[in-house]
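Biologist: I would like to go through this protein with you slowly, asking at each step how a label is earned. Could you bring up the structure?

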Amino acid sequence: MQSVANYLVGEHDFRNLCELDPGKQITNFRRYVMRAEIIPVSPESNGDNRVYEFDLVGSAFLYHQVRHMMAVLFLVGTVLEQSSIISNLMNVFPAKSNQLPKSQLPLMERKPEYQMANALPLMLYTQPWMSMANRR
């Protein structure tokens, strides 16, 4: 899953990884993700029951973007989706795709249907204006 999460890092168009709200009339879906790391919380536990943390740092996020990103990562982790799904979902303009050759990366003209991740286990634990001493 970490190799798939690495595709999220950088500036990308996340329109297929967020909840579209027509009332807000957002026209720029490009956001910058600085870090996307999947970290085991308790490495000594059994592999089947291991708990992981998804450490995500970005400059701004779209509505439900993190929940949709987690849903897709879960689908890849449970082998219900191929690892190329993240690159495919961010390929809305074929000329701007640099992850795979154009012949291998399909153009996503509209958002696919999938269930976003539950908000209950997701937690915002720091914000840019908080001091470094208050982190974690």
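Biologist: How many aromatic pairs does the count come to by the rule for rings?

Modeller: In this predicted model, the count comes to 0 aromatic pairs. A pair needs ring centres within 6.5 Å, so a count of 0 means that no two rings meet that rule.

Biologist: What makes you say that the charged end of Lys24 sits over the ring of Tyr63?

Modeller: The charged end of Lys24 is 5.8 Å from the centre of the Tyr63 ring, and because the rule asks for a distance within 6 Å, together with a position within 35 degrees of the ring normal, the label applies.

Biologist: Why is the largest group of nonpolar residues called a core?

Modeller: Its 25 residues carry that name because a core is a set of buried nonpolar residues joined through side-chain atoms within 4.5 Å. Leu8, Leu17, Phe54 and Ile86 have the most contacts inside this core. Elements that each supply at least two of its residues include α1 (2-5), β2 (30-40) and β3 (52-58), while α2 gives the most, with 6 residues.

Biologist: Which residues does Phe54 touch, leaving out those up to four places away in sequence?

Modeller: Phe54 touches Ala5, Leu8, Ala36, Glu37, Ile38, Met70 and Leu73, and these count as contacts because heavy atoms lie within 4.5 Å.

Biologist: What share of the protein counts as buried?

Modeller: Of its 136 residues, 33% count as buried, which means that their relative accessible area is under 20%.

Technical notes
Residues numbered from 1 in each chain as written. Predicted model: local features only at pLDDT ≥ 70, side-chain atom pairs only at ≥ 80, totals over all residues. Heavy atoms only, no water. Buried < 20%, exposed > 50% of the residue type's maximum accessible area, 1.4 Å probe, protein only. Helix = DSSP H or I, 4+ residues; strand = E, 2+ residues; numbered from the N terminus. Phe/Tyr/Trp six-rings, centres within 6.5 Å; stacked < 30°, edge-to-face > 60°.
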